Amino acid sequence: GNVYSVGSGGCHIRKVTPNRVTSVFAGLSVCGYLDGERSVAQFSTISSIVIDAHDNFYVADRGNYVIRKINMAGVVSTLAGKAGVAGSLDGLNQEKRSALATNMTTEGMLDGLGEEARFLWPLNLAMDRSGTVYVGDGYHVLRKVSSKGEVSRVSCKDEMGRDVIFFSGLSSMVTDDKGNVWLYEISSQGI
């Protein structure tokens with residue numbers, strides 16, 4: 001099949017066919033923000049791409065603080081986050097902050113639907129079999145985005161069975177057939 005990668009500058013997605021023909025799949029050579037047909041859409045610092053079973057693309061548009069979707073028809077839309085606006089709160093409002101989160105940085109963690117959600121730096125993406133997109137946000141927080149654009153923070157268990165909501169240098173992740181999300185932390189150098 002085809003191989004897709006982020007073009008230089010992070011403003012577009014490149015496509016390489018099995019015959020080694022390279023072309024721009026989506027975006028332009030100039031960074032910015034614009035939804036619409038993939039040939040005129042603009043991105044800013046793409047950091048990750050995943051593709052679902054229906055050939056929809058999900059893009060971590062770090063420079064715009066959003067998760068974008070490119071549907072099968074080639075139309076780019078913003079699935080979650082508000083372009084140009086980084087997050088600053090945990091949960092839907094201040095009353096919903098957890099005790100742990102108030103002692104840690106909470107930048108980039110506003111959960112919500114579509115444009116209500118906020119990201120700090122959506123860096124890494126992974127997708128499970130159900131189509132849920134997992135987002136490594138700002139190296140420290142794991143978020144998930146539903147196909148409808150609903151964003152929520154993911155709590156994980158450490159080796160002692162304790163809940164973990166902040167990570168120390170989350171650098172990459174993958175999902176497996178059982179629905180597990182495997183994370184790699186730079187500082188712990190482990191999964």
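Trainee: How many bridges join strand β2 (residues 12-16) to β3?

Mentor: This is a predicted model, in which local features need pLDDT of at least 70, side-chain atom pairs count only at pLDDT 80 or more, and totals for chains, interfaces and linings use all residues. Residues are numbered from 1 along each chain as its sequence is written, and side-chain values use heavy atoms, with hydrogens and water left out. Strands are DSSP runs (E, at least two residues) numbered from the N terminus, and two strands pair if DSSP finds at least two bridges between them. Strands β2 and β3 run antiparallel, V16 has T22 as its bridge partner, and the number of bridges joining the two strands is five.

Trainee: What is the average twist from one strand to the next in the sheet β1-β2-β3?

Mentor: This sheet is open, and its pairing is antiparallel. Its edge strands, β1 (3-6) and β3 (22-27), each pair on one side only. Axes are lines fitted to C-alpha atoms, and angles run from 0 to 180 degrees between N-to-C directions. The average twist from one strand to the next is 30 degrees.

Trainee: Which strands stand at the edges of the five-strand sheet?

Mentor: The sheet is open and antiparallel, with the order β4-β8-β7-β6-β5. Each edge strand has a single partner strand, so one side of each is left without a neighbour in the sheet; these strands are β4 and β5 (46-51).

Trainee: Which residue in the turn between β7 and β8 has a positive phi?

Mentor: Strand β7 (residues 66-70) runs antiparallel to β8 and is joined to it by four bridges, with I67 and A80 as bridge partners. On another side of the pairing list, β8 (residues 75-80) has two bridges to β4 (residues 36-37), where G36 stands opposite V76. Strands β7 and β8 form a hairpin with four residues between them, and the turn residue with a phi of about 85 degrees is G74.

Trainee: What is the geometry of the aromatic pair formed by Y4 and F25?

Mentor: Rings of Phe, Tyr and Trp (its six-membered ring) pair if their centres lie within 6.5 Å; planes under 30 degrees apart count as stacked, over 60 as edge-to-face and the rest as tilted. Three such pairs are found in the whole structure. For Y4 and F25, the centres are 5.1 Å apart and the planes make an angle of 70 degrees, so by definition the pair is edge-to-face.

Trainee: Is F25 buried or exposed?

Mentor: Y4 in strand β1 and F25 in strand β3 are 21 residues apart, and together with F57 they form one aromatic cluster. Buried means under 20% relative accessible area, exposed over 50%, and partly exposed in between (1.4 Å probe, protein chains only). Y4 has 24% relative accessibility and therefore counts as partly exposed. F25, at 11%, counts as buried.

Trainee: How many residues has the largest nonpolar core?

Mentor: A nonpolar core is a set of buried Ala, Val, Leu, Ile, Met, Phe, Trp, Tyr and Cys residues joined through side-chain atoms within 4.5 Å. Among the residues with the most contacts inside the largest core are I67, F119 and V145. The elements giving two or more residues to this core are β6 (57-61), β8, β12 (122-127) and β13 (133-137). The number of residues in the largest core is 14.
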